Amino acid sequence: MKIVILDRATLGSDINIDIFKEFGEVVSYDKTSASESKERTKDADIVITNKVVLGKEQMDDSSIKLICITATGTDNVDLEYAKSKNIEVKNVAGYSTSSVVQVTFGMIFYFIQKLNHYQDSLNNGNWGKVPAFNDADDIFFELDKKRVGIIGFGDIGVDLAKKVEAFGCEVVYYSTSGKNSNSDYKRVELDELLQSCDIISVHAPLNENTKNLLIYENMKNIKEGAILLNLGRGGIINENDLAKIIDEEKIYCGIDVFAKEPIERTNPLLKVVNKERLLLTPHIGWGSSESRNRLMKKVAQNIKDFLNK
């Protein structure tokens with residue numbers, strides 16, 4: 001049994017891939033380009049990929065029997081073509097919930113607590129220049145009694161809801177599929193959520209219901225001073241429209257996912273004038289050490305289940 005890992009570097013240098021050696025020969029590549037993927041996968045029985053695209057070209061005339069995606073999203077694999085070739089595809093869900101929610105809180109506190117401003121103030125010697133014992137020139141707020149709107153209410157959305165409640169927040173949610181009905185929390189329509197919430201956090205997959213879900217026309221109704229976060233998928237928020245909104249309206253925005261990753265230097269979000277209102281991170285939400293170790297164990301279990309059929 002030959003196992004090929006196409007983008008080992010995405011898993012982090014602290015992750016041990018020896019867990020897969022019990023299943024056979026393991027060949028690992030840190031990075032695989034589109035032009036290299038066909039050659040590297042043709043003799044593999046099992047292919048492990050995070051972001052490398054696998055479609056007709058890679059599956060035809062190959063030995064592939066199983067594709068393991070080291071992520072929840074499956075948009076980098078042609079699922080229909082895999083099915084037609086009797087190639088099983090396994091993704092992993094539920095491994096990153098705590099990590100994503102923790103990064104969400106990190107972004108919330110980045111904006112609401114203004115710690116970056118006050119650290120700069122102290123380091124620059126500004127504290128000693130103020131007329132009082134404290135420096136309070138950048139107002140910060142409490143989470144208590146803030147309204148938090150969650151777009152996408154799967155495992156991550158629900159976990160975030162439980163944890164922000166512990167801070168005294170009111171929680172509402174919008175179901176992107178229209179099918180989610182969680183009786184523990186109030187479900188609202190998208191326009192109401194955008195207009196009424198102090199914090200808006202996106203935790204939805206990218207699909208026909210969510211692509212360009214947030215555009216200029218509805219984002220301009222977000223209340224002044226609100227925080228908008230996307231830790232779901234790039235493409236849910238239109239990046240051109242968001243860049244325009246940030247420079248027109250006083251809202252704050254944290255983005256961890258982008259329509260094209262790694263982010264291109266032409267991305268309009270990199271050209272925002274009001275940079276203090278924008279926090280960009282390189283798709284780190286899923287990536288705590290614990291999360292990535294859980295991921296490896298779940299991928300190994302997927303392989304074991306496949307081989308034991």
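**Exercise 1.** Determine whether arginine 147 is buried or exposed in this predicted model, and describe its surroundings.

*Solution.* Arginine 147 has a relative accessible area of 11% and is therefore buried, where buried stands for under 20% relative accessible area, exposed for over 50% and partly exposed for what lies in between, with a 1.4 Å probe and protein chains only. The model is predicted, with local features needing pLDDT of at least 70 and side-chain atom pairs counting only at pLDDT 80 or more, while totals for chains, interfaces and linings use all residues. Residues are numbered from 1 along each chain as its sequence is written, and side-chain values use heavy atoms, leaving out hydrogens and water.

Next, place the residue: arginine 147 belongs to strand β6, residues 147-151 (strands are DSSP runs of E with at least two residues, helices runs of H or I with at least four, numbered from the N terminus). Finally, list its neighbours: leaving aside residues up to four places away in sequence, arginine 147 touches, among others, Glu170, Val172, Lys186 and Asp198, contact being heavy atoms within 4.5 Å.

**Exercise 2.** Examine helix α4: which elements do its buried residues pack against?

*Solution.* Begin with the span, since α4 covers residues 97-113 and reaches 24 Å from its first C-alpha to its last, close to the 24 Å expected at 1.5 Å a residue (1.5 Å times one less than the number of residues). Its buried residues include Val100, Thr104, Phe105 and Phe111, and the partners of the buried residues are α6, β9, β10, β11, β12 and α10. Just after α4, lysine 114 adopts a positive phi of about 60°.
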